Amino acid sequence: MATLSCQFHLAIHRLPCKARVRPCFSCSVQPSQSNIKVVINGAAKEIGRAAVIAVTKARGMEVAGAVDSYCVGEDIGKVCDMEEPLEIPIMNDLTMVLGSISQSKETGVVVDFTQPSAVYDNVKQATAFGLRSVVYVPRITVDTISALSAFCEKASMGCLVAPTLSIGSILLQQAAISASFHYNNVEIVESRAHATDLPSPDAIQIANNLSNLGQIYNREDLSTDVLARGQVLGEDGVRVHSMVLPGLPSSTTVYFSGPGEVYTIKHDITDVQCLMPGLLLAIRKVARLKHLVYGLEKFL
């Protein structure tokens, strides 16, 4: 699609007797910027459905494919309870979807919400068809990330692996790093509604960020084996306590203490919608990458 651009010019021609003013118009046809074609892999999941709606409403991008092993053949718009169908059926064959998208000259991005064991092959397939990848899959191993980094570097194709898409969670992590230089005691307390993947990826990421900074925390009981004191993550004494109760929001709190004071940083997640601003940012940023980037915080 092209856009028509018009400009108004005021031309003054000096004649021997007087100046005459002549308005003139000039028009030019300019190509409009094309939308990013987005494929949602894991589209039938809660986060996948939220992503479909967010991408559909966002400027400069559109849903071009939906992949999942559930609800196969159903229109993704109907599965997401949208007012109108998107006329995009859910398919369980990523290769087939990528093949249809690759015929277009527009930039393509695959958003991966699948499983750690499938991520490497999914990114390889997307790269083979000329599409970049945004990966939000918890518990990806370091070996997988290293292999993906080497592959993307060789292929000169962008990939963004995001341990979290929550901007609030990233801001908490950044604040915790700043605080760690000023306090000698730190504890992480998290709450979840369901006992899965504990300690959570968020707690592990915070502990990793606070480790290897030249600081040893909680020296007074660093070597205690009392279970109630929580699990030590890393080698620098960072402890995490996980509380699981149905109905609790997904919450992460980091406590720092020093002589006469306690500094608390807290972040609550009440709905998967909190991940959508980060996802849209990731899609826009990865479209220009030619290598792998780990962590959405690189773009904040």
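Which residue in β12 is the bridge partner of E190? Before answering, it helps to know that this is a predicted model, in which local features need pLDDT of at least 70 and side-chain atom pairs count only at pLDDT 80 or more, while totals for chains, interfaces and linings use all residues. Residues are numbered from 1 along each chain as its sequence is written, and side-chain values use heavy atoms, with hydrogens and water left out.

The partner of E190 is T252, and the pair belongs to the ladder of seven bridges by which β9 (residues 185-192) and β12 (residues 250-258) are joined in antiparallel fashion. Helices (H or I, at least four residues) and strands (E, at least two) are DSSP runs numbered from the N terminus, and two strands pair if DSSP finds at least two bridges between them.

These strands belong to an open sheet of five, ordered β10-β11-β9-β12-β13, with mixed pairing. Because β10 (231-233) and β13 (261-269) at the edges each have a single partner strand, one side of each is left without a neighbour in the sheet.

Two helices lie across these strands. Helix α6 (residues 167-180) lies across β12 and β13, whereas helix α7 (residues 201-210) lies across β9, β10, β11 (238-244) and β12.

Within helix α7 is D202, which is buried (under 20% relative accessible area, 1.4 Å probe, protein chains only). D202 has no salt bridge (a side-chain nitrogen of Lys or Arg within 4 Å of a carboxyl oxygen of Asp or Glu), and the nearest side chain of opposite charge, R192, is 4.2 Å away. Leaving aside neighbours within four places in sequence, D202 is in contact (heavy atoms within 4.5 Å) with T164, S169, R192 and T252.

How values were computed:
Axes are lines fitted to C-alpha atoms, for helices over the stretch in contact, and angles run from 0 to 180 degrees between N-to-C directions. Buried means under 20% relative accessible area, exposed over 50%, partly exposed in between (1.4 Å probe, protein chains only). Lys and Arg count as positive and Asp and Glu as negative; His and the chain ends are not counted.
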